[in-house]
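Please look through the structure shown below at your own pace, and then read on for a guided walk from the whole chain down to a single residue.

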There are 2 protein chains.
Amino acid sequence: MAPSMTYAADIDSIKDAQKRIAPYAHVTPVLTSSSVDGLAKGRSLHFKCEVFQKGGSFKFRGACNSIFSLSDEDARHGVVTHSSGNHAAACALAASLRNISAHIVVPNGAPECKVAAVRRYGGDVVFCEPTLQAREEAASLIQKKTGAIMIPPFNYGPTISGQGTIALELLEQVPDLEAIVVPISGGGMISGIAIAAKALKPGIRIIAAEPAGANDAALSKAAGKCIPCTAPKTIADGLRASLGDLTWPVVRDLVDAVVTVDDKEIVAAMKVVYEQLKVAVEPSGAVGLAAVLSSAFHENEEWKDVKNVGVVLCGGNLDLSVLWDALNKSCLT
Amino acid sequence: MAPSMTYAADIDSIKDAQKRIAPYAHVTPVLTSSSVDGLAKGRSLHFKCEVFQKGGSFKFRGACNSIFSLSDEDARHGVVTHSSGNHAAACALAASLRNISAHIVVPNGAPECKVAAVRRYGGDVVFCEPTLQAREEAASLIQKKTGAIMIPPFNYGPTISGQGTIALELLEQVPDLEAIVVPISGGGMISGIAIAAKALKPGIRIIAAEPAGANDAALSKAAGKCIPCTAPKTIADGLRASLGDLTWPVVRDLVDAVVTVDDKEIVAAMKVVYEQLKVAVEPSGAVGLAAVLSSAFHENEEWKDVKNVGVVLCGGNLDLSVLWDALNKSCLT
């Protein structure tokens, strides 16, 4: 970290990340829909489609920046991480692009489609019990055995810098944005976005969208201190982590508000994303829109004049077998 | 039609259409995926995402061009069409943008989500029996009663010109394309695309993708004469029409080949589009990819050196209630 840095990332580290990942990452499109704007009381929503990022989520930005920031010496024994989801696939893919091995510790019971993605990208999957302790122990054992470097999913400067590139792109694509709504879990994505966006446009509002069943960011902001998420219960399987010691200070200082939504609102927002935007989003990916469509958002006096709102559709990795079963059945009739 | 025109549209009418619809239509993005390229034996696929077009399908281009081509005198009594699907919603939306009324004759049993879209765009829905005769009679009655102008879904010059704008955009976005794969039904989309693409790039291949259960284009090409589709049976509800007298000559002369796929292949391609591209496509919209992934396509000697292939994902209007039912149920547990 540069000595002058207030947080684990700054606008320079984020601009460096943008250059570093440019040969590998997609510049994701921004979609708009007048029908969805109608549901949002006439606000203009600009959907940053990270579902179309490599690996199907924004996580590739952070993983790619982290893995390509390693020296050749550090990289030669590969990387290791523990994750049940999109960070796992992102690390496997970024490691394969750097031609190094990736050991991914996956808790038993992780979504099958996400494990399949890790394997498709050539990652070495190691299962463990679904507790944080078991995950950390398994990852640590692999580190010792192989010399692989740990790539943390969010509480890590290069990861935060990578995620911040979302804001650089989005503000180039839609310079008039007045607010960006970002799903929050460990806080890596919103930290990067808040640091980059407020450096470029100090007046912009950064609003966190959080499942009510994993509301540690809302509780922490209200208390003015970091309160971990102890028993997350939400359909948004990508948003069950707690803030870390590198992301909490950014959330505390640069995130303007947290809007919480329940699982019914998340599914209702997913329906809008599929049916109106035609984007196949996972529950976590729809939480930003759920927040924008909530009455808490509509009724907030502070934002009543905010017209142009960016909404990050952050991931699209979801098991849709119920849909394929129904369609395949209809083929037989 | 200009006297020099060979077909119902030409490159000039298509360029005019592009200017005419520009204030209203989206320039749709092109997506790529290295995972999907792997399934396509290493070809580079460029997905033209007409699912993100206004109204959720390419049909808006043709409807918008047709409706905005009308004189004020002709337009003042509104428009009428009969359609069970995307053309209906497209006409309702284009008419609302021109501030004229749209009467849409819909056969009983049409997909609920498509009827809802017509209503959302302010269209006046009139139900009838699900036969072509009943549809035409109902539309004709409305014409007589109201003076509304008929907007045909595909067998009509301005519609074909509107759909041709897909090719103008796509060749600007991906100049290196060697082939474009286009789902075929009434032939309006592929006619417009073939006319535009071959005018700009004479060597480009235009390949039709057709459900095996509605294979009138394949039969017609093989016979050298237009053979109507009498009893279509396919999950691709948007691809059940027959070629018309304006589209058949274009298909006969400018379409290089027709690849047919069965319903299982269509569902398998949909799964790839949802799971890898993260695009919510309807069955008809996935037929182009199904063709590209078929063995008939892989094994075709004529195309073995074709690397860059455009694939039109033409529509995304699908009833996904099975998915919402399952997700809402999981919220309650």
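The paragraphs below begin with the chain as a whole, turn to the two copies, and end with one helix and one residue.

This is a predicted model, in which local features need pLDDT of at least 70 and side-chain atom pairs count only at pLDDT 80 or more, while totals for chains, interfaces and linings use all residues. Residues are numbered from 1 along each chain as its sequence is written, chains are lettered from A and ligands numbered from 1 in the order in which they are written, and side-chain values use heavy atoms, with hydrogens and water left out.

Chain A contains 15 helices and 10 strands, where helices (H or I, at least four residues) and strands (E, at least two) are DSSP runs numbered from the N terminus. Its radius of gyration, taken over C-alpha atoms, is 19 Å, close to the 20 Å that the globule rule (2.2 Å times the number of residues to the power 0.38) gives for 333 residues, so chain A is as compact as a globular protein of that length. Along its principal axes, the C-alpha trace of chain A spans about 65 × 55 × 40 Å. Of the 333 residues of chain A, 60% count as buried, a word that here means under 20% relative accessible area, with exposed meaning over 50% and partly exposed in between (1.4 Å probe, protein chains only).

How are chain A and chain B related? A turn of 180 degrees, with a shift of 0.0 Å along the axis, lays chain A on chain B with an RMSD of 0.0 Å, the copies being superposed by least squares on the C-alpha atoms of residues with pLDDT of at least 70 in both. The two copies are thus related as by a two-fold rotation axis.

In chain B, helix α3 (residues 59-69) has 10 of its 11 residues buried, so this helix is largely enclosed by the rest of the structure. Among the buried residues of α3(B) are Phe60(B), Cys64(B), Ile67(B) and Phe68(B). The cover over the buried residues of α3(B) includes α1 (11-21), β2 (44-49), β3 (79-82), α5 (86-97) and α8 (157-173) of chain B.

Back in chain A, helix α8 (residues 157-173) holds Leu171(A), which counts as buried at 10% relative accessibility. Leaving aside residues up to four places away in sequence, Leu171(A) touches Leu177(A), Ala197(A), Leu200(A), Lys201(A) and Ile204(A), where contact means heavy atoms within 4.5 Å. The C-alpha atoms of Leu171(A) and Gly310(A) are separated by 9.1 Å, although these residues are 139 residues apart along the chain.
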